[in-house]
Amino acid sequence: MDALQRHRSLYKGKTPPWKETYRKRCVERLKNSRSRLLEKYRQMGDTMKSSVLVQEVMEVEWSALQSANQRLPSLWKKDGVSDMYRDVQEHDELAVLEEIQQELVSQELSIIEEYHKSKQYEEKYFDSVVDGMEEDGKLICPVCHANNLTVNSHFTSCPCGLYINTVGRNITADMLQHLLELRVTEHVEYCLQNPIFSVASNVDGGPNLMMSCRVCDYLTIIL
């Protein structure tokens, strides 16, 4: 009896003891690969297959699990997951592996859906705040969302009370718009909650334009 047959007879009719460990490790690896998943998705676009990283995640984690448990067979061969399924087609592990694969595909689709929502929010936010430029080239204040900012070589201000000294920093409306876009994009990659803009004093006592998020604890200085 070869190793695979012995392995099958050992777990026949039972839930494999490695199932939960393997499942958790696969889910965690997929979550930690979010940035790479989205980069692949952006590159593939409409040509994307039903899954992007699922097979890779399953293969890597199975190899890691097998190295710690020599009784587990090397199920992945040159043809990947489909070859593995042929090896276990008469074994209860097939249903387990398919179940884990489907969960990972669902997780992957959820990450992509969240990315789409974040992009929609980003576009909406830019339309209402960052891209709200008047004909005279002034930005809508991100703090009060009501007045136009005055941006010149000496200061950035708003009737709502915002006043930032920018002497010697060569700040322009275009530059400030770019800074706002950069920070909003940075935040929306990880959190879909609306950020808050405020004015806070720095260590020297001077005011700074801040962007923060109460949900993810994001905090950065705009000006």
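What percentage of the 223 residues in the protein chain is buried? In this predicted model, buried residues make up 40% of the chain. The secondary structure comprises seven helices and six strands. Read from the N terminus, the order of these elements is α-α-α-α-α-α-β-β-β-α-β-β-β.

**Overall architecture**

- The order of elements opens with six helices, continues with three strands, and ends with one further helix followed by three strands.
- Of the contacts between residues at least 6 apart in sequence, 51% join residues at least 24 apart.
- The protein chain has an accessible surface of about 12,800 Å². Carbon and sulfur atoms account for 47% of that surface.

**Helix α3 and its buried face**

- Helix α3 spans residues 34-44, and its buried residues are R34, L37, L38 and Y41. Because these buried residues fall within an arc of 95 degrees when seen down the axis of α3, they line one face of the helix.
- The general geometry of such a helix is relevant here: with 3.6 residues a turn, residues three or four places apart point the same way.
- R34, in helix α3, has a relative accessibility of 16% and therefore counts as buried, the cut-off being under 20%. Beyond residues up to four places away in sequence, R34 touches I111, E114 and E189.
- L37, also found in α3, counts as buried because its relative accessibility is 0%. Its contacts, leaving aside neighbours within four places in sequence, are with V52, L53, E108 and I111.
- I111 thus appears in the contact list of R34 and in that of L37.
- Y41 is another residue of α3, and its relative accessible area of 16% is the reason it is classed as buried.
- S51 provides a reference point for two of these residues. The C-alpha atoms of L37 and S51 are 9.7 Å apart, with a sequence separation of 14 residues. For Y41 and S51, the C-alpha distance is 9.5 Å and the sequence separation is ten residues.

**Packing of helices α2 and α4**

- Helix α2 covers residues 19-32 and helix α4 covers residues 54-68; their axes come within 9 Å and cross at roughly 135 degrees. This angle makes α2 oblique to α4, because it lies between the range counted as roughly perpendicular, 65 to 115 degrees, and the range over 145 degrees counted as roughly antiparallel.
- The crossing of α2 past α4 is right-handed.
- On the α2 side, the residues that meet α4 are T21, Y22, R25, C26, R29 and L30. Their counterparts in α4 are V57, M58, V60, E61, W62, A64 and L65.

**Strand β3 and its surroundings**

- Y163 belongs to strand β3. With a relative accessible area of 42%, Y163 is partly exposed, because this value lies between the 20% and 50% limits.
- Outside its neighbours within four places in sequence, Y163 contacts F155, T156, S157 and P207.
- The pairing of Y163 with P207 links positions 44 residues apart in sequence, with a C-alpha to C-alpha distance of 7.3 Å.

**Loop residues and backbone angles**

- Which residue in the loop between β3 (163-165) and α7 (173-188) is considered here? N170 occupies that loop, and its phi is near 55 degrees, a positive value in a residue other than glycine. N170 counts as exposed because its relative accessibility is 59%.
- D217 is located in the loop between β5 (207-212) and β6 (219-221). Its phi is positive, at about 65 degrees, although D217 is not a glycine. The relative accessibility of D217 is 65%, so D217 counts as exposed.
- N194 is placed in the loop between α7 and β4 (196-201). With a relative accessibility of 53%, N194 counts as exposed, because the cut-off is over 50%.
- N194 and R214 are 20 residues apart along the chain, and their C-alpha atoms are separated by 9.0 Å.

Terms used
Residues numbered from 1 in each chain as written. Predicted model: local features only at pLDDT ≥ 70, side-chain atom pairs only at ≥ 80, totals over all residues. Heavy atoms only, no water. Helix = DSSP H or I, 4+ residues; strand = E, 2+ residues; numbered from the N terminus. Buried < 20%, exposed > 50% of the residue type's maximum accessible area, 1.4 Å probe, protein only. Contact = heavy atoms within 4.5 Å. Areas by Shrake-Rupley, 256 points an atom, 1.4 Å probe, with all protein chains shown as cover. Arc of directions from axis to C-beta. Axes fitted to C-alpha atoms, helices over the stretch in contact; angles between N-to-C directions. Parallel < 35°, antiparallel > 145°, perpendicular 65-115°, else oblique. Left-handed = near helix turned anticlockwise from the far one by under 90°.
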